[in-house]
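Here's a quick walk through one chain, in question-and-answer form. Have the viewer open and follow along.

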Amino acid sequence: SSCSYSVSYGDHSFSNGDLAVDTLTLGSTTSRPVPLPKTIIGCGHNNGGTFNANGSGIVGLGGGAVSLVSQLDSSIDGKFSYCLIPLTSQGDTTSKLNFGSNAVVSGSGAVSTPLVPKDIDTFYYLTLEAISVGRKRIDLINPSESGNSEGNIIIDSGTTLTMLPSNLYPKFESAVKDKINLPTTDDPNGSLSLCYKSSSDE
């Protein structure tokens, strides 16, 4: 059975198509592939945003009821992790998406920060205290204005932009400018305040 759906993401990407129920089969590190019956999936026919032909689809990993993580919750104990390779990587290197006990990130150099539950359960909220550019630490200014409290920023692998509080941005931009010793130029579109000259169109 299927019905139509329409969803949008944090950077105004969107997908419209058919929603269906099917058996999803995932590979396993400890046994044969694991079938997951009655999994809700979408088949997008009209998609817009930062997508390209190299992608075969979108995996919903948010906290919403029909995300893959939420649907698998009882099977994976709410645990998942991923390591995304750069888009420019060549060869047989692949990104890894792990669910369940194999998803725990540990070992030398591993650090973590807690997720903060909020009313909008689709997003994962973190607490941002400061940003570092090289060895320069830039603390959030005026905590009451910038919302420097628990859960003041979201992390979203599907949103391609990093958005910062307006009172933090000038110091951040200044620190970046101090570190990059290249000639600057005006943004031809007039929307970005810090741009550098490049020999390529990219």
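## Reading the model

Q: What does the secondary structure of the chain come to?
A: Keep in mind that this is a predicted model. The C-alpha trace spans about 55 × 35 × 35 Å along its principal axes. As for secondary structure, the chain comes to four helices and eleven strands.

Q: How many of the 202 residues, as a percentage, count as buried?
A: To count as buried, a residue has to have under 20% relative accessible area. Of the 202 residues in the chain, the share that makes the cut is 19%.

Q: Among contacts between residues at least 6 apart in sequence, what percentage join residues at least 24 apart?
A: A contact here is a pair with heavy atoms within 4.5 Å. Taking those between residues at least 6 apart in sequence, the part that joins residues at least 24 apart is 43%.

Q: Which residues are exposed on the other side of α4?
A: Start with the buried ones in helix α4, residues 169-179: Glu-173, Ala-175 and Val-176. They cover an arc of only 160° around the axis, so they sit on the same side of α4. On the other side, the exposed residues are Lys-171 and Asp-178.

Q: Which strands do the buried residues of α4 pack against?
A: The buried residues in question include Glu-173 and Val-176. Packing against them are β7 (130-133), β8 (136-139) and β11 (195-196).

Q: Which side chain of opposite charge is nearest to Glu-173?
A: Glu-173 belongs to helix α4. Leaving out residues up to four places away in sequence, Glu-173 touches Ser-193 and Leu-194. Glu-173 is buried and has no salt bridge. A salt bridge needs N and O within 4 Å, and at 5.8 Å away the nearest side chain of opposite charge is Lys-177.

Q: Which residue in β8 stands opposite Ser-132?
A: β7 and β8 run antiparallel, joined by four bridges. They form a hairpin with two residues between them, and Gly-134 in the turn has a positive phi of about 65°. Across from Ser-132, in β8, stands Arg-137.

Q: What is the N to O distance in the salt bridge of Asp-139 and Arg-137?
A: The salt bridge count comes to two. Asp-139 counts as partly exposed because its relative accessibility is 39%. The side chains of Asp-139 and Arg-137 meet in a salt bridge, with an N to O distance of 2.9 Å.

Q: How far apart are the closest N and O atoms of Lys-79 and Asp-77?
A: Asp-77 sits in the loop between α2 (73-76) and β4 (80-83), and counts as exposed at 58% relative accessibility. Lys-79 is partly exposed, at 34%. Asp-77 also has a positive phi of about 55°, although it is not a glycine. In the salt bridge between Lys-79 and Asp-77, the closest N and O atoms are apart by 3.7 Å.

Q: Where is Lys-38, which has a positive phi although it is not a glycine?
A: The phi of Lys-38 is about 55°. Lys-38 counts as exposed because its relative accessibility is 74%. As for its place, Lys-38 is in strand β3 (residues 34-48).

Q: How far is Asp-187 from the nearest side chain of opposite charge?
A: Asp-187 lies in the loop between β10 (184-185) and β11. Apart from residues up to four places away in sequence, Asp-187 touches Leu-192 and Cys-195. A polar atom of the Asp-187 side chain lies 3.0 Å from the backbone nitrogen of Ser-191. Asp-187 is buried yet has no salt bridge, and the nearest side chain of opposite charge, Lys-197, is away by 14 Å.

Q: By how much are the C-alpha atoms of Thr-184 and Tyr-196 separated?
A: Thr-184 is in strand β10, and is partly exposed at 37% relative accessible area. Beyond its neighbours within four places in sequence, Thr-184 is in contact with several residues, among them Lys-177, Leu-194 and Tyr-196. Thr-184 and Tyr-196 are twelve residues apart along the chain, and their C-alpha atoms are separated by 4.2 Å.

Q: How far apart in space are His-12 and Val-116, C-alpha to C-alpha?
A: His-12 is in the loop between β1 (2-8) and β2 (14-26). With a relative accessible area of 72%, His-12 is exposed. His-12 and Val-116 are 104 residues apart in sequence, and in space their C-alpha to C-alpha distance is 23 Å.

Definitions and conventions
Residues numbered from 1 in each chain as written. Predicted model: local features only at pLDDT ≥ 70, side-chain atom pairs only at ≥ 80, totals over all residues. Heavy atoms only, no water. Buried < 20%, exposed > 50% of the residue type's maximum accessible area, 1.4 Å probe, protein only. Arc of directions from axis to C-beta. Pairing = 2+ DSSP bridges. Lys, Arg positive; Asp, Glu negative; His and termini not counted. Polar contact = N/O pair within 3.5 Å; in protein donor to acceptor, adjacent residues only side chain to side chain.
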